[in-house]
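Here is a walk through one protein model for someone meeting it for the first time. Have the picture open as you read, and look up the residues as they come along.

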Amino acid sequence: MKTYYTELTLPVSGMSCTACASSVESVLKSQSGVISAEVNYATSSVRIKFDPMAADLFQLQQALKPIGYDLVTTTQNSSEVFGDLEEIRYKLLKNKLIVAIIFSLPVFFISMIWHHTSQLMQYMLLALSLPVIFYSGRDFYLTAFRLARIGKTNMDTLVALGTSAAFILSLINTIAPRLLGASGITGYVYYESAVVIITLILLGRFLEERSRNKASAAIKSLMSLQPDIVIRINDEQQETISINELMPGDTVLIKPGNTIPVDGIITKGNSWIDESMMSGEPEPVYRQLDDQVLAGTLNSKGALEVKTLKTGASTTLSRIIAMVQEAQNSKPPVQLLVDKISAVFVPVVILISLITFAGWFFVFPEQPAAYAIVTSISVLIIACPCALGLATPTALIAAIGHGAKKGILFRDATGIESAGKTNTLLIDKTGTLTLGKPALSKVHFTDKKDEKRTKQIFAGLTSLSAHPLSLAVSRKLYDNEDIKLNIEEFSDLPGKGITGTIDDVRYYAGSPSLLDEAGIKADAESRSLIEQMTSEGSSIVILTSDTGILAIAVLQDALRQDAAVAVGTLRKMGIEVHMLTGDNAKSAERVARLTGIKHFRAGMSPLDKADYVDEIRKKGKKVCMAGDGINDTIALARADVGMAMGSGSDASREVAAITLTGHNLMQVADAIKLSRKTNRIIKENLIWAFGYNVIAIPVAAGLLFPLAGVLLNPMIASAAMAFSSVSVVLNSLRLR
């Protein structure tokens with residue numbers, strides 16, 4: 001019997017650090033029926049796959065609630081839930097920070113000015129500390145306690161142990177100063193350490209939260225493009241309704257300056273449409289009757305009536321938002337290693353803190369016992385697993401969001417990592433380097449005397465054919481003229497062209513092979529021109545009558561405007577560009593010459609392209625394949641990273657790691673640049689995060705004391721810890 005699985009991405013409340021994410025992940029994975037669970041601390045969400053016959057969301061919620069976390073399940077749009085959670089968390093954090101600052105500042109200044117405080121002063125410090133400990137710092141202790149009950153730890157455990165040790169010692173020395181007399185630490189109070197540590201960590205989390213909100217600003221801007229209400233036209237009557245009531249087939253009115261709410265077809269009107277959020281191209285595009293428009297684009301000028309094709313989650317905009325969210329919740333291979341380190345980080349730090357205390361207390365008994373307390377607290381406070389956990393996801397969130405604004409959509413984090421390592425680009429010709437449409441480049445008229453009449457006949461006859469070459473000729477030659485011709489006895493000549501009678505004269509239009517059908521021999525000049533153009537890879541459409549050749553139309557698949565510039569940019573980036581095409585060698589040679597591509601293969605089948613990908617990869621190259629057709633699908637799947645051009649088929653977009661929504665070839669270079677920069681920033685973040693902990697923990701343990709007689713104050717340790725997390729997030733924001 002086939003098993004069906006449910007896969008959801010849900011917000012998680014209560015997480016405050018990466019160790020929290022590890023705890024949530026391990027608890028969910030341990031539940032019966034759960035196949036996989038991936039928690040992303042940076043987005044406060046989990047992507048979970050489970051068997052609905054063996055597990056349900058209520059059961060999973062009940063597993064998390066005892067340790068202070070919860071899955072947010074609601075009928076509300078998940079994107080809105082993420083936004084609401086972020087806003088609630090941000091406001092609550094802000095309130096706690098304000099209270100902490102108000103009460104910790106006087107504690108700090110009193111302690112710094114009067115080093116030897118009286119007992120009355122100590123009671124005053126105790127009173128000022130209570131709001132910070134039991135309101136602002138409450139969640140640290142609750143979370144640590146809940147986790148301890150099931151044998152787990154997180155960042156809050158370190159903060160709770162460090163600050164409670166300082167606070168309890170101070171409390172004992174305040175209300176029962178003789179209790180610890182034999183230990184040699186009577187009289188010492190560390191209220192300022194406890195409250196300032198909590199304040200600085202809250203400040204760090206507040207700045208981190210604000211920075212993370214900035215990193216995910218792109219997804220919010222995409223969601224803001226979805227209007228809540230629309231104007232529906234029903235029996236020529238206008239009614240304002242919720243967008244949720246709109247159905248495919250409904251006609252909506254789009255006023256100038258309004259955002260288009262649906263994917264649809266224009267049934268009335270014309271306008272300039274700002275499609276920059278979809279394509280990454282800044283210039284507005286002219287749209288008219290029967291043109292397709294997309295949800296999220298902006299109607300700049302005229303009023304439009306649009307017949308709805310897709311609404312809600314089916315629109316292109318909704319699919320882009322879902323794709324961006326899925327990518328932001330994915331993990332690259334390097335993050336899996338970081339997660340393993342973060343899972344054991346807190347227990348290791350607690351062990352180091354205990355060893356530090358024992359070392360100072362028992363190995364160096366000649367030193368004051370307070371040194372053992374100060375150093376062990378500093379070790380607990382300065383260690384920062386958050387910097388490790390944020391190093392990768394914050395960079396990915398910023399990169400994926402920035403890419404989405406530029407029309408570069410990453411399917412997952414692995415695509416970013418792989419694209420950044422690319423040193424060889426294999427690129428399809430038709431539709432990728434070229435427009436994929438034949439365009440009339442020139443027409444040679446053999447009879448110059450009656451050129452206008454010949455042009456009308458050529459345009460009129462080809463307009464009756466559905467062949468792409470004929471349509472290209474007729475569109476160009478019509479030139480907005482109102483040509484009225486009585487064409488009789490029209491017929492198709494399969495594989496050759498078309499024929500028809502105009503004013504009792506039989507005309508033919510089609511390929512050079514049509515000359516034999518018409519019984520016409522080409523003159524030397526025409527034959528030379530035909531041979532020259534076909535040798536250069538051009539397509540030819542000939543107009544002839546019983547008397548001979550009248551005109552020769554030369555068509556070419558025009559290059560994309562930025563093709564040569566994009567190829568040049570890629571080469572400057574150190575990327576070797578290869579062109580692959582199923583077209584003939586002459587056409588391939590022309591495009592390669594015009595774009596500056598040195599390596600190309602022509603006449604390739606889909607399997608040939610895929611085999612070529614394998615051939616290049618065997619040479620140790622990191623291969624990116626960019627294409628737009630179904631024939632590119634196998635090669636896209638076999639490459640280290642596949643890029644589907646925006647005009648491509650659904651099949652090519654399905655297998656590609658990166659989708660480019662615009663028709664701008666520079667997006668290929670931009671995607672690789674963004675990926676390279678993201679990989680570099682992730683490396684910088686990880687080096688900083690690892691380096692910080694490797695250096696900071698020994699210093700906190702008292703490494704500098706034998707050299708300089710200096711011990712690290714726990715307050716400075718907490719400031720360093722907060723700075724380490726914030727600096728990682730700020731470094732990631734450079735991607736924006």
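What follows goes from the whole chain down to single residues.

## The big picture

First things first: this is a predicted model. The protein chain has 736 residues, and 51% of them count as buried. On the secondary structure side, you'll find 28 helices and 26 strands.

How do the contacts spread along the sequence? Take the contacts between residues at least 6 apart in sequence: 70% of these join residues at least 24 apart. As for the outside, the protein chain exposes about 33,200 Å², with carbon and sulfur atoms supplying 57% of that.

## A nonpolar patch on the surface

Which residues make the nonpolar surface patch of about 570 Å²? They are Ile101, Leu105, Phe109, Met112, Ile113 and Trp114.

Ile113 is a good one to click on. You'll find Ile113 in helix H3, which covers residues 78-113. Its relative accessibility is 55%, so Ile113 counts as exposed, the cut-off for that being over 50%.

## Aromatic rings that meet

The model holds 10 aromatic pairs. In one of them, the ring centres of Phe134 and Phe167 sit 6.2 Å apart with the planes at 85°, so this pair is edge-to-face. Phe134 belongs to helix H4 (residues 119-136) and Phe167 to helix H6 (residues 155-175), so the pair ties together parts that are 33 residues apart in sequence. Buried or exposed: which is Phe134, and which is Phe167? Phe134 has 54% relative accessibility and counts as exposed, whereas Phe167 has 7% and counts as buried.

Another pair is Trp360 with Phe705: the ring centres are 5.3 Å apart and the planes stand at 80°, so these two are edge-to-face. The pair links distant parts of the chain, with Trp360 in helix H11 (residues 333-363) and Phe705 in helix H27 (residues 705-708), 345 residues apart. Both Trp360 and Phe705 are buried.

## Around Ser129

Back to helix H4, which also holds Ser129. With a relative accessibility of 0%, Ser129 counts as buried. What does Ser129 touch once its neighbours within four places in sequence are left aside? The contacts are Val107, Phe167, Tyr191 and Val195.

Two of those names turn up again in an aromatic cluster: Phe134, Phe167 and Tyr191 form one together.

## A six-stranded sheet

Now for some strands. An open sheet is formed by 6 strands in the order S6-S5-S7-S13-S8-S11, with antiparallel pairing. At its edges are strand S6 (237-242) and strand S11 (292-293), each of which pairs on one side only.

Strand S13 (residues 304-310) is joined to strand S8 (residues 263-268) by 5 bridges, and the two run antiparallel. One place to see this is Ile266, whose bridge partner in S13 is Val306. S13 also pairs with strand S7 (residues 251-254), again in the antiparallel sense, over 4 bridges. There, Leu253 stands opposite Glu305 of S13. As a general point, side chains in a regular strand alternate between the two faces of the sheet.

## Two more buried residues

Met625 is part of strand S24 (residues 623-627). At 0% relative accessibility, Met625 counts as buried. How far apart are Met625 and Asp428 in space, C-alpha to C-alpha? The distance is 8.1 Å, although 197 residues separate Met625 and Asp428 in sequence. Asp428 is also among the contacts of Met625 when neighbours within four places are left aside; others include Leu426, Leu580, Asp632, Leu636 and Met643.

Ile67 is located in the loop between helix H2 (57-64) and strand S4 (70-71). Is this loop residue buried or exposed? Ile67 has 2% relative accessibility, which means that Ile67 counts as buried, since the limit is under 20%. Setting aside residues up to four places away in sequence, Ile67 touches Val27, Arg146, Leu147 and Ile150. With Val27, the C-alpha to C-alpha distance is 9.7 Å, and the two residues are 40 apart in sequence.

How values were computed:
Residues numbered from 1 in each chain as written. Heavy atoms only, no water. Buried < 20%, exposed > 50% of the residue type's maximum accessible area, 1.4 Å probe, protein only. Contact = heavy atoms within 4.5 Å. Areas by Shrake-Rupley, 256 points an atom, 1.4 Å probe, with all protein chains shown as cover. Patch = residues over 30% accessible without salt bridge, like charges linked within 9 Å, V, L, I, M, F, W, Y side chains within 5 Å. Salt bridge = Lys/Arg side-chain N within 4 Å of Asp/Glu carboxyl O. Phe/Tyr/Trp six-rings, centres within 6.5 Å; stacked < 30°, edge-to-face > 60°. Pairing = 2+ DSSP bridges.
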